[in-house]
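Hi everyone, thanks for coming. I'd like to walk you through the inside of a protein today, so please have a look at the sequence and the structure first.

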Amino acid sequence: MPNIKIFSGSSHPDLSQKIADRLGLELGKVVTKKFSNQETCVEIGESVRGEDVYIVQSGCGEINDNLMELLIMINACKIASASRVTAVIPCFPYARQDKKDKVGSRAPISAKLVANMLSVSGADHIITMDLHASQIQGFFDIPVDNLYAEPAVLKWIKENISEWKNCTIVSPDAGGAKRVTSIADRLNVDFALIHKERKKANEVDRMVLVGDVKDRVAILVDDMADTCGTICHAADKLISAGATKVYAILTHGIFSGPAISRINNACFEAVVVTNTIPQEEKMKHFNKLQKVIDISMILAEAIRRTHNGESVSYLFSHVPL
């Protein structure tokens, strides 16, 4: 592939390497370091003049450092005369701060701020995955490709859950209802959703199950799991409503704070995540998380298609072989 360069930020080098391997390319040379006053310094180690540049950086770990590093990398490539710079952000940072929640609230809309920062730094195009709210695409004036883990999730369900024809796909909150109905339709099974009332962020108050899971396998599907309070409550609710087994399939496994102990104590058959966020370290502490779905080929194919000027919409319903 001529005139294409892929650089990796420091948030998820493993995923970047997989993407590069898939495309048959070497990762570009880049040195990221911190000065002693903690300022980020990035040196691009090869010419990018006239090239189509892709920078892979996920919104995880030290989120603010990684976001700043991404902005600096984009800007470094831009002012070194790259013809186009695409930010590949598997997990978009600040995606949950996408609206003012209360009337007259003084909450920030940080996702819009991040969008502005990316645009100002010089990004020409964004590739991301399972945005928390797909309207975030509208915060940008540049093209955004929001890819879905859904085809990979469907494939995993069919290959690993033998009784999938008799399952119910469950959304742990009303916000994920669209995602869940789409998966349920494609598997031709029922769906249910859990209505929750939150008193404050990261704490769930009470839950109501809408739909039937009695004597069925319940598969909880959500776009992200952070402190895991919601999905663990949801799992208890499903078991008490008569589900035989509960699986959880999550695109972005953030697992912060008490998440790991909550999941280890919950009644899941298995917890499945994708590798939009590095999971190796967390795998050591889980007794339930036994599967990571690799989505590097979806991102790699999106990069290949974008570079060649082909349509990306094929990836909304198919996993590249």
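Let's start with an empty space: α2 supplies the largest share of the lining of the largest cavity, with four residues. Please keep in mind that this is a predicted model. How many cavities of 30 Å³ or more does a search of the whole structure find? The search turns up one. The largest cavity holds about 40 Å³ of space. Around that space you'll find Q57, S58, G59, I63, N66, L67, L70, I89 and P93. If you sort this lining by character, five residues are nonpolar, four are polar and none is charged.

Now let's stay with α2, which covers residues 63-79, and move along to C77, which lies in this helix. Is C77 buried or exposed? Its relative accessibility is 0%, so C77 counts as buried. And what is C77 in contact with, once we set aside its neighbours within four places in sequence? The answer is F7, I44, V48, V53, I55, A82 and V85. For those of you who like distances, C77 and S121 are 44 residues apart along the chain, and 9.9 Å separates their C-alpha atoms.

On to the nonpolar cores. The largest one has 45 residues, and the members that touch the most other members are I19, L147, I157, I169, I219 and I303. Which helix gives the most to this core? That is α9, residues 296-308, with six residues. A second, separate core has 29 residues, with F7, A82, F92 and F140 among them. You may remember F7 and A82 from the contacts of C77.

Back in the largest core, let's pick out I219. Leaving aside neighbours within four places in sequence, I219 is in contact with I157, I161, C167, T168, I169, V170, Y247 and I249.

Finally, a closer look at α9. This helix has 13 residues and reaches 18 Å from its first C-alpha to its last, close to the 18 Å expected at 1.5 Å a residue. Why is α9 described as largely enclosed by the rest of the structure? Because eleven of its 13 residues are buried. Those buried residues are S296, M297, I298, L299, A300, E301, A302, I303, R305, T306 and H307. So what comes after the helix? α9 is followed by G309, which has a positive phi, near 70°.

That's my tour, and I'm happy to go back to any part of it.

Definitions and conventions
Residues numbered from 1 in each chain as written. Predicted model: local features only at pLDDT ≥ 70, side-chain atom pairs only at ≥ 80, totals over all residues. Heavy atoms only, no water. Core = buried A, V, L, I, M, F, W, Y, C linked by side-chain atoms within 4.5 Å. Buried < 20%, exposed > 50% of the residue type's maximum accessible area, 1.4 Å probe, protein only. Helix = DSSP H or I, 4+ residues; strand = E, 2+ residues; numbered from the N terminus. Contact = heavy atoms within 4.5 Å. Expected span 1.5 Å × (residues − 1). 1 Å grid on protein atoms, 1.4 Å probe; cavity = no way out; pocket = protein on both sides within 12 Å on 5 of 7 lines; lining within 4 Å. Points joined across faces, edges and corners; volume = space filled by probe spheres on them. Nonpolar A, V, L, I, M, F, W, Y, C, P; charged D, E, K, R; others polar.
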